[in-house]
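Reader: I am new to this structure and would like a guided look at it. Could the explanation start with the vocabulary of sheets?

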Amino acid sequence: MRVALFITCLADQFYAEAGVAAVRLLRALGVEVDFPEGQTCCGQPAFNAGHWEEARALARRTLRVFQEAEYVVLPSGSCASMLRNHYPELLPGSREALAFSERVYELSQFLVRVLGVERLGEGLKGVRVAYHHGCHALRELGVREEPLTLLTNAGAEVLPWEAAEECCGFGGLFSVKLPEVSLAMADRKLSTLPAAQVLTSTDAGCLLHLSGRMAKSGVNLRVAPLATLLWEAYAG
Amino acid sequence: MRAKARFYPKEAARLLKERPGVREAVTGATLHFERNRLRAYAEVPIEEWRERAKAIKDHVLSHLDRYLEEAERRLLEKGARVHWAEGPEEAHQVLLEIVRRRGVRRAVKAKSMLTEELGVNPFLESLGVEVFETDLGEYLIQLLKEPPSHIVGPAIHLSLEEIRRLFHERFGTPLEASPEALAGVARKVLREAFLTADLGISGANFLVAETGTLALMENEGNIRLSTSLPRVHVAFVGLEKLLPRLSDLALFLPLTARAATGQRLSTYVSLLGGPAKEGEEGPEEVHVVLVDHGRTALLADPEAWETLRCLRCGACLNACPVYRQTGGHPYGYVYSGPIGAVLDPGLLSLEEAYPLPYASTLCGACLEACPVKIPIPRLLLTWRHRAVAEGLTPGWEKTAMAAFRKVMESPALYRLFSKALRGLPLPQDLLPLLRAWTEGRGALRPSPKPFHELWREMEEDRGRQN
Ligand code: SF4
C-alpha cells in the first residue's frame, strides 16, 4: 500500500517531528510513503475567512500535487477535513475533488479504519496523557475513538478531562481577529487540564496555541503531536 | 433595538477586561444548561426527533403564505384580531391604537425576543405607559437598563452578588439576602403589576395554523398571568413561528424544552385561542401581530433561509465556547451567540453585522446542539464569503490573504518563507498579524528544520543505505 503524506504547512514549520514520526510509523507498518514535494498549504485559513478565490487556487494546486495518490494521509484533522469535506464545496461540480475527498484520512483514522491497526506497541506504558479533541477532527471527520484506542492500547493512561471536547480557541484567523476571546477560551480549557505528563492532539494549530498560552502562564507540560506519540507507542 | 453589532470585537475585548465576572457567570450557567441538554437528548431517539422537526419546519416555511392565511382565518374565527406588521412602525401603530382607545397606563410583559427587535418597551414608555417585565431575569435587566444577554436566560451574565447589590439599592434588602428572599421581593412588585395592568404583552413559541392556537412555554408562571389577567392581550409573533397542525406541538414542545433547559417539558405551557367567551375568565380583547421584520427577505435567500427554522431555544449559545466568554452583550443585537452570528446579518444587513460571522472558530458545537439542525457553521462560512465579496474585509486581512496566496501557490516562495521564519526578517505586511498572535502566546518557535528538509535528509539516508 502506498500513501502520500500531506504534512500541512503548520506541522511542516512548527511540528516537523510529527512528519518524521508519521513517515517512520507508516513505513514500519509496511506502507510505502511518498511526500509530494510541490505541497504547501491546503488553503483552509483563506477558506474559513471567506476568501474563497484564494482558497480555490490552493485547492486546485493540492489536487494537482496529489493527483496520483492512492491515499492521502495528514497528521492534522482540521486540514484532513478541509480536503475531505470542503474541497467538494469549494469546487462544486468537480468530480476530481469529489473522488479525491474519499481518499483523504487523518493519520489515526487511517491506521484504524484503513489499515485495521489498533495496537502499535507498548511504548507509552504508564504515561499520563491529556488528549485534546480538535474540533474538525471530532465533529467534521468523526475521529473520536481512534486516537484514544491507539493511545490506550499502547499503555498510556488517557486522563478524563472535563473540557477535552471543547474548542481551544485557535480557529485559524480567529486567534488574531479576536485575540482576547481566543485567549480566554484557551485559558478556560487549560484551567480544567488534568495532571498529565503530555498534552496531545491531531492538530498543530491547537497545540501551538495551547502551548504558547501555557508557556506564557508558566505551565510546564510537554506538548506533542499525536503522530509523535504514536511513533513512541510503536518504537518504545 | 438599535444594532451595535459592528463593535463586536472591541466590545468583546472590553467586556473581558472590565467585567471578568460575566465570563464566570456565563460559563457556569451555560455549562449547566449544556449538561442538562445532553442528558435530556440522550433519553430519547433525538436524531429522529431532530430530523422530523426539521422536516416539518422546512415544509411550513416553504408553504408559509398558505399557513399564514389559515392561521389568520382560525384566529379571526376565535374572535382574535389579526394585524400584519412589516416592521417596528406598524407594530407600534397597533399598540398606539390600543393604548389610546383603552387608556392603558400599565403593561405587563412576558419575555419575548421579537419585542426587543421591535423596541416595544421604549415605545410604550414614550406614550407614558409603565412597562413591567415579568420574567424574573427580564425584570432584573430591566431594572439595570440592560438588554438580554441570552435568548432563554436574559440575565445569565449576572452573578448572585450583583443581583443582591441591585436589590439592596432598589428595595433595601440586606446584602446577604437569599435568592428566595430576592425572588419574594420581585414577586411582590410583579403581583401588584399583574393585578393593575390594563395590557398584557407576549410573544409566542409557536402559532398553530390548523387551530389558530398560540403556544407559550415558560417555567415561572408569569406568562400565564400576563396573558390572562389584563383585559387586553397583544401577542407579537414572527412569521417563522408557524406550525401546521396542533399535533405538531407534541413534538415541538418537548423538543424545545429538552434543547433549552434539559427539561422534558417546561413547567407551564399555555395554549391560547381568542378572547374569553361569555362567562369565562380572560382577556376581552386578543390581538395577534404577525411580524415580518426581515423574515420574508431572508426566506427568499437561497443560502441563508435555514436560519428561519430557529426555535429560539438557546442551545447553540449554551454549546458555544465563544459565547461563553462574554455572554450576549458584545454581539450588539437581539440575537447573540451562534444563531445571532448568522441571523443578525440576515435581519440587519451584512454591512451592519459584519464582525458577527467571524465570532466563531467553526468548532461545530452549535450544529450538534441545534434541535432543528440549522447548519450554522456552513452559514457562517457563507456570510464570511459574502463579506469578502462585498469588500467589507479590513485592509490588513486583504493584504495578508494576498501574500498568503502568493507564498502558498509557489513552493519556491514557500521554502523562502520557511527560511525567513527561521531568521530573516518577516515581511512587514504580516507584522500586525504576528503581534496579535505573540502578545498572548509568546514568540513563534519553529522547528529547527522544517519537515520538507528533514524529508530530503531521510531520503538521502535511505539512498545511502540501499
Ligand atoms: S439555532 Fe438551533 S440551537 Fe440555536 S436557538 Fe435556534 S433552534 Fe436553538
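Author: Two strands pair if DSSP finds at least two bridges between them. Helices (H or I, at least four residues) and strands (E, at least two) are DSSP runs, numbered from the N terminus. With those terms in place, A:Ala130 stands opposite A:Leu199 in β7(A).

Reader: Before going on, what kind of model is this, and how are things numbered?

Author: This is a predicted model, in which local features need pLDDT of at least 70 and side-chain atom pairs count only at pLDDT 80 or more, while totals for chains, interfaces and linings use all residues. Residues are numbered from 1 along each chain as its sequence is written, chains are lettered from A and ligands numbered from 1 in the order in which they are written, and side-chain values use heavy atoms, with hydrogens and water left out.

Reader: Back to the sheet, then. What is the order of its strands?

Author: The order in chain A is β6-β5-β7-β8, an open sheet of 4 strands with parallel pairing. Its edge strands are β6 and β8 (222-225), each of which pairs on one side only.

Reader: How many bridges join β5(A) to β6(A), and how many to β7(A)?

Author: Strand β5 (residues 128-131) is joined to β6 (residues 157-158) by 2 bridges, and the two run parallel. Within that pairing, A:Arg128 has A:Glu157 of β6(A) as its bridge partner. With β7 (residues 198-201), β5(A) pairs over 3 bridges, also in the parallel sense.

Reader: And what holds such strands together in general?

Author: Strands of a sheet pair through backbone hydrogen bonds, either parallel or antiparallel.

Reader: Let us change to chain B. What is its overall make-up?

Author: Chain B has 466 residues, and 58% of them are buried (under 20% relative accessible area, with exposed meaning over 50% and partly exposed in between, for a 1.4 Å probe and protein chains only). Its secondary structure comes to 23 helices and 10 strands. The C-alpha trace spans about 100 × 55 × 45 Å along its principal axes.

Reader: What share of its contacts comes from residues 24 or more positions apart?

Author: Such residues account for 75% of the contacts in chain B with a separation of 6 or more, where contact means heavy atoms within 4.5 Å.

Reader: Could we look at one residue, B:Asp198? Is it buried or exposed?

Author: B:Asp198 counts as buried because its relative accessibility is 14%. This residue is found in the loop between α10 (179-196) and β4 (199-202) of chain B.

Reader: Which residues does B:Asp198 touch?

Author: Leaving aside neighbours within four places in sequence, B:Asp198 is in contact with several residues, among them B:Gly103, B:Arg105, B:Pro230 and B:Val232. A polar atom of its side chain lies 2.7 Å from the backbone nitrogen of B:Arg105.

Reader: Now for empty space. How many cavities are there?

Author: A search of the whole structure finds 5 cavities of 30 Å³ or more. On a 1 Å grid over the protein atoms alone, a cavity is a set of points where a 1.4 Å probe fits but cannot get out, and lining residues have an atom within 4 Å of a point. Grid points are joined across faces, edges and corners, and a volume is the space filled by probe spheres set on the points.

Reader: What about the largest one?

Author: The largest cavity holds about 110 Å³ of space. It is lined by 16 residues, and those closest to its centre are B:Cys320, B:Pro338, B:Ser360, B:Cys366 and B:Leu380. Two or more lining residues come from each of α16 (337-347) and α19 (376-389) of chain B, and α16(B) gives the largest share, 3 residues.

Reader: Which kinds of residue form that lining?

Author: The lining of the largest cavity divides into 12 nonpolar, 4 polar and no charged residues. Here Ala, Val, Leu, Ile, Met, Phe, Trp, Tyr, Cys and Pro count as nonpolar, Asp, Glu, Lys and Arg as charged, and the others, Gly among them, as polar.

Reader: And the second largest?

Author: The second largest cavity has a volume of about 80 Å³. Of its 13 lining residues, B:Cys310, B:Cys313, B:Cys316, B:Cys370 and B:Pro371 are the closest to its centre.

Reader: Where is B:Cys310 in the chain?

Author: B:Cys310 is in the loop between α13 (295-299) and α14 (315-319) of chain B. With a relative accessible area of 9%, B:Cys310 is buried. Not counting residues up to four places away in sequence, B:Cys310 touches B:Ile339, B:Val372 and B:Ile374.

Key
Polar contact = N/O pair within 3.5 Å; in protein donor to acceptor, adjacent residues only side chain to side chain. 1 Å grid on protein atoms, 1.4 Å probe; cavity = no way out; pocket = protein on both sides within 12 Å on 5 of 7 lines; lining within 4 Å.
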